[in-house]
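Me: I would like a close look at a single part of this model. Please keep the answer connected and brisk.

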Amino acid sequence: MNSEIYSGFIRLHILYHASKEPIFGLGIIEELKSHGYNLSPGTLYPILHKMEDVGYLKSEKKQVGKKIRRLYEITPGGVEALHDARMKIKELFRELIEEE
Ligand SMILES: [Zn+2]
């Protein structure tokens, strides 16, 4: 996997999905798998922790059915980061896709 390039895409998937509803590790691993990114929990969890440390996500342990899960929600800082990234992606999209 081209992790040097894809690491930003993965973070944007995480931010985007967290902006729609609270996410949890294994759920996001499945979601990323559907896009062809195969991440182990050992790779994903440090990413989630880092995104929480920098203030894009906040997490809380919650009972979901019979399981206790750590759910991650987007913060106002995360919403802003996602918004800014969306502008950058539009620019990149224009160059990479539309100018081809
Ligand atoms: Zn996604």
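Is His-13 buried or exposed, and at what relative accessibility? Please build the picture outward from there.

Reply: One caveat comes early: this is a predicted model. His-13 has a relative accessibility of 18%. The cut-off for buried is under 20%, so His-13 counts as buried. Glu-31 is buried too.

Start with the place of His-13 in the fold. His-13 is part of helix α1. Leaving out residues up to four places away in sequence, His-13 touches Glu-31, Leu-32, His-35 and Tyr-37.

Now the metal. His-13 coordinates the zinc ion through ND1. His-17 and His-35 each coordinate through NE2. Glu-31 is listed twice, each time with an OE atom. The coordination distances run from 2.1 to 2.8 Å. Along the sequence, the donor residues follow the spacing H-x3-H-x13-E-x3-H. His-13 sits in α1, which covers residues 3-20, and Glu-31 sits in α2, which covers residues 25-34, so this pair ties together parts that are 18 residues apart in sequence.

Next, the packing of these two helices. The angle between α1 and α2 is about 120 degrees, and their axes are 11 Å apart. The roughly perpendicular range is 65 to 115 degrees. The two helices are therefore classed as oblique to each other. The crossing of α1 over α2 is right-handed. From α1, the contact uses Ile-10, His-13, Ile-14 and His-17. From α2, Ile-28, Glu-31 and Leu-32 take part. By class, this contact has four nonpolar, two polar and one charged residues. The zinc donors His-13, His-17 and Glu-31 are among the residues of this helix contact.

One step further out, α2 also packs on α3, the helix of residues 41-53. Here the angle is about 110 degrees, with the axes 10 Å apart. This pair is therefore roughly perpendicular. The crossing of α2 and α3 is right-handed. On the α2 side are Gly-25, Leu-26, Ile-28, Ile-29 and Leu-32. They meet Pro-41, Leu-44, Tyr-45 and Leu-48 of α3. This contact divides into eight nonpolar residues, one polar and no charged.

Two residues link the two contacts. Ile-28 and Leu-32 of α2 take part in the contact with α1, and Ile-28 and Leu-32 also meet α3. Leu-32 leads back to the start, as one of the residues that His-13 touches.

Methods:
Residues numbered from 1 in each chain as written. Predicted model: local features only at pLDDT ≥ 70, side-chain atom pairs only at ≥ 80, totals over all residues. Heavy atoms only, no water. Donors = N, O, S within 2.8 Å, 3.2 Å for Na, K, Ca; no water. Helix = DSSP H or I, 4+ residues; strand = E, 2+ residues; numbered from the N terminus. Buried < 20%, exposed > 50% of the residue type's maximum accessible area, 1.4 Å probe, protein only. Axes fitted to C-alpha atoms, helices over the stretch in contact; angles between N-to-C directions. Parallel < 35°, antiparallel > 145°, perpendicular 65-115°, else oblique. Left-handed = near helix turned anticlockwise from the far one by under 90°. Contact = heavy atoms within 4.5 Å. Nonpolar A, V, L, I, M, F, W, Y, C, P; charged D, E, K, R; others polar.
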